[in-house]
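Reader: I'd like to see how labels such as buried and salt bridge get assigned. Can you walk me through the reasoning?

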Amino acid sequence: MIKRSLLYLLLLAFVLAGCGSGEHKTSAKTILLKEVFGNDFLIGAAVSREQLAQKDRVGAGLLPHFNALTPENIMKSERLMSAWQTYHFSAADSLVAYCQNNNIILNGHTLIWHSQMPPFIEQIRSIDSFRTFFTSHIKTVAGRYAGKLQSWDVVNEALNEDGSLRQSVYYQKLGENYISEAFRLAEQADPHAELYYNDYNNEMPAKRAGCIKLIKKMQAEGIKINGVGIQGHWHVGKLPLKEIEESILEYAALGIKLAITELDIEVLPRNFTGAEISQRMKADPATNPYVGSLPDSVKQQQAKDYADLFSLFLKHKDKISRVTFWGVHDGQSWLNDWPVPGRTNHPLLFDRDGKPKPAFYSILTTKP
């Protein structure tokens, strides 16, 4: 009897040879990621409002691959609030209902983040008023969905690259203890939810050290923190595999869970790493080389990178709770518009037509 891993290798060779597009489309529908990795960790994706509303039918059709979803933007404060204490929950409510109806784990994203805030928030001058917003927002949003989500990214991207605390509007108004307070409030609002700190580049040594310091501080204060999220916005051919593995081990040693929360592998050139949303690059044809299609050599490198990642994740599956892709298909990816608007990026497992790329099949080969 041929082992399943050998079958996957044969399938991958078939796809990379460029044969049988009809066959590999059928295989992708038959082989669901959540079933392949179901005994290892949750397999998630960031879902958009358009996919829930069936306006993005390509993305909606791929959702059966995932047993965990994260709202890409639906639960960020700028989408929930239009004015002081004026909330709009219809999209978030529809996501909760979708997950409940389809037996899908839902992970909330995000309660406190310095970006994508309602414009009026940064105009608040009174510290007391700002604290009222901070407290009320966490209690209102986490309280509304108490018992309906598995976890919350309570605080997002609060660290600089050197591991120091970012001088965000929250830090400036409320001081460094705002992070601890956010976790306290989240636990009060939803006692059963798992509470995560989420960041990018926190697999790199300096930022990792700052993240560990932050987690240890909360643990010493008796504050509930269940896990840490490594976003996983990496670049093709440049995976920091050594640092990722070191981080898995060091975070696990703290007695908390680890999730890969926003995975994608970018293929377009840029002159900095990470995912600092405020950074921009000048538009230039040289930074957008794959408008028509992705060269086979890049597809294969991306496939190798994804396989290397999943081999590492499976090696440490006892320490990883979830692997979530930041988007369902290439057309949805935020990397099409950042750090240069309008680029054609190809960072995910499925292309713009919803067809599986070599990367999809490459991760299947990592299963023993």
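Author: Sure, and keep in mind that this is a predicted model. Lys257 has a relative accessibility of 36%, which makes it partly exposed.

Reader: Why is Lys257 called partly exposed?

Author: Buried needs under 20% and exposed needs over 50%. At 36%, Lys257 sits in between, so partly exposed is the label.

Reader: What makes Lys257 and Glu194 a salt bridge?

Author: Their side chains meet at 2.6 Å, N to O. The cut-off is within 4 Å, so the pair qualifies. Lys257 is in strand 10 and Glu194 in strand 7, 63 residues apart.

Reader: And why is Glu194 called buried?

Author: Its relative accessible area is 16%. Buried means under 20%, so Glu194 makes the cut.

Reader: How do you know that Glu245 and Lys315 form a salt bridge?

Author: Same kind of check: the closest N and O atoms are 2.8 Å apart, and the limit is 4 Å. Glu245 belongs to helix 12 and Lys315 to helix 13, so the pair ties together parts 70 residues apart in sequence.

Reader: Are Glu245 and Lys315 exposed or partly exposed?

Author: Lys315, at 55%, is over the 50% mark and therefore exposed. Glu245, at 21%, is neither under 20% nor over 50%, so Glu245 is partly exposed.

Reader: What makes Pro285 exposed?

Author: A relative accessible area of 72%, which is over 50%, so exposed it is. Pro285 lies in the loop between strand 10 and helix 13.

Methods. Residues numbered from 1 in each chain as written. Predicted model: local features only at pLDDT ≥ 70, side-chain atom pairs only at ≥ 80, totals over all residues. Heavy atoms only, no water. Helix = DSSP H or I, 4+ residues; strand = E, 2+ residues; numbered from the N terminus. Buried < 20%, exposed > 50% of the residue type's maximum accessible area, 1.4 Å probe, protein only.
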